[in-house]
Amino acid sequence: MGDQETRAALERHWVASAAGDQDAEHEIYHDDVITDYPQSGERIHGRRNLQALRSNHPAKLTFTIRRILGSGDLWITEYVIDYDGKPASTISIMEFRDGKVAHETQYFADPFDPPAWRARWVESMPLM
């Protein structure tokens, strides 16, 4: 699968994620995918478990994609997941094998107020 096809598959994945289409969302994954959530120390084995976990999420989720970067077998999506009105900046690192995701690592970060001491060197950026 070339880069254009991979990008298109990722775009379909994120559109399906935002729409809550669990079957289409998980088409991108190998049956034996491993998904890691380093911040909580969790590892999910297999597409079936990943889909079940996501299908049972208690919050209403919306997704805003900031950018998709990658080539070959390594792709990164930077996005914001809104959990019932609470945004979390998120990075998804997907490693592909034979045109499907074999390993995904997701990092989640809650927004925080910037410290006053660095105000003279920064400017505000829009939160999504």
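Here a trainee and a mentor chat through a predicted model of a protein chain.

Trainee: Let's start simple. What pattern does the protein chain follow along the sequence?

Mentor: First, take stock of the pieces: the chain has three helices and six strands. Now put them in order as you read along the sequence, and you get α-α-β-β-α-β-β-β-β.

Trainee: How much of the protein chain counts as buried?

Mentor: To be buried, a residue needs under 20% relative accessible area. The chain has 128 residues to test that way. The share that counts as buried is 33%.

Trainee: Which residues have the most contacts inside the largest nonpolar core?

Mentor: That core has 17 residues. Helix α1 (3–19) supplies at least two of them, and so does each of the strands β1 (29–37), β3 (61–71), β4 (74–83) and β5 (86–97). The residues with the most contacts inside the core are L10, W14, I28, Y29, M94, F96 and V101.

Trainee: Let me pick V101 from that list. Which residues is V101 in contact with, leaving aside neighbours within four places in sequence?

Mentor: Contact here means heavy atoms within 4.5 Å. V101 is one of the residues with the most contacts inside the core. With its sequence neighbours set aside, its partners are I28, Y29, H30, V33, M94, E95 and F96.

Trainee: Now the outside. Is W121 buried or exposed?

Mentor: Look in the segment after β6 (100–109), where W121 is found. It forms a nonpolar surface patch with W117 and V122, and together they have about 420 Å² of accessible area. The cut-off for exposed is over 50% relative accessible area. W121 has 55% relative accessibility, so it counts as exposed.

Trainee: What is phi for D84, roughly?

Mentor: Find the loop between β4 and β5, and D84 is there. Its relative accessibility is 55%, so D84 counts as exposed. D84 isn't a glycine, yet its phi is positive, at about 50°.

Trainee: And where is D98?

Mentor: D98 has a positive phi near 55°, and it is a residue other than glycine. With 70% relative accessibility, D98 counts as exposed, because that is over the 50% cut-off. Its place is in the loop between β5 and β6.

Trainee: Last one: what share of the exposed area do carbon and sulfur atoms supply?

Mentor: Picture the C-alpha atoms filling a box of roughly 50 × 35 × 25 Å along the principal axes. The protein chain exposes about 8,200 Å². Of that area, carbon and sulfur atoms supply 53%.

Technical notes: Residues are numbered from 1 along each chain as its sequence is written. This is a predicted model: local features need pLDDT of at least 70, side-chain atom pairs count only at pLDDT 80 or more; totals for chains, interfaces and linings use all residues. Side-chain values use heavy atoms; hydrogens and water are left out. A nonpolar core is a set of buried Ala, Val, Leu, Ile, Met, Phe, Trp, Tyr and Cys residues joined through side-chain atoms within 4.5 Å. Buried means under 20% relative accessible area, exposed over 50%, partly exposed in between (1.4 Å probe, protein chains only). Helices (H or I, at least four residues) and strands (E, at least two) are DSSP runs, numbered from the N terminus. Patches are made of residues with over 30% relative accessible area and no salt bridge: like charges are joined within 9 Å, nonpolar side chains (Val, Leu, Ile, Met, Phe, Trp, Tyr) within 5 Å. Accessible areas come from the Shrake-Rupley method with a 1.4 Å probe; for residues, only the protein chains shown count as cover. A salt bridge is a side-chain nitrogen of Lys or Arg within 4 Å of a carboxyl oxygen of Asp or Glu.
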